[in-house]
Amino acid sequence: MKILNDYKIIILACLTLGLAPYSPEPHLLGKLRWISGGAIGMTFSDWFDVFLHGAPFVLLIRIVFIKIRDFSK
C-alpha cells in the first residue's frame, strides 16, 4: 500500500494519533513510563492503547530504515 510508504502521512499520524492527547504529557509517553516501571496493573485495553499510539512511530522507523538501506545501495 502506498499510504504505508508515504512519510508525510506517517509523520502526520505520529504528531496526531501518536502523541494525542498532548497535555499534561503525550499519552504514549505516559504508557511507556508505566511499562518501564513494571507495567503493574495494566489491562488489555492499556496494552492495546500502547499499540494504537505506537503504531505510527513503528511505521516511521520502518520508513527510515528503508530510506537508509536504499541510500546505501
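**View 1. Helix α3 gives the nonpolar patch its largest share, four residues.** The patch lies on the surface of this predicted model and consists of L17, F44, F48, F51 and L52. Together these residues have about 550 Å² of accessible area (Shrake-Rupley method, 1.4 Å probe, only the protein chains shown counting as cover). Patch residues have over 30% relative accessible area and no salt bridge, with nonpolar side chains (Val, Leu, Ile, Met, Phe, Trp, Tyr) joined within 5 Å and like charges within 9 Å. A salt bridge puts a side-chain nitrogen of Lys or Arg within 4 Å of a carboxyl oxygen of Asp or Glu. F44 is found in α3. F44 counts as exposed because its relative accessibility is 69% (exposed, over 50%; buried, under 20%; partly exposed, in between; 1.4 Å probe, protein chains only).

**View 2. Helix α3 bends by about 45° at G54.** The bend is the angle between axes fitted to the seven residues ending at a residue and the seven starting there. A proline, P56, follows within four residues.

**View 3. Buried residues of α3 pack against α1 (7-18) and α2 (27-36).** Contact means heavy atoms within 4.5 Å. The buried residues are D46, D49, V50, H53, G54, P56 and I63.

**View 4. F71 is found in helix α3.** F71 counts as exposed because its relative accessibility is 74%. The C-alpha atoms of F71 and A13 are separated by 24 Å. Along the chain, the two are 58 residues apart.

**Notes.** Helices (H or I, at least four residues) are DSSP runs numbered from the N terminus. Residues are numbered from 1 along each chain. Local features need pLDDT of at least 70, side-chain atom pairs count only at pLDDT 80 or more, and side-chain values use heavy atoms.

Definitions and conventions: Helix = DSSP H or I, 4+ residues; strand = E, 2+ residues; numbered from the N terminus.
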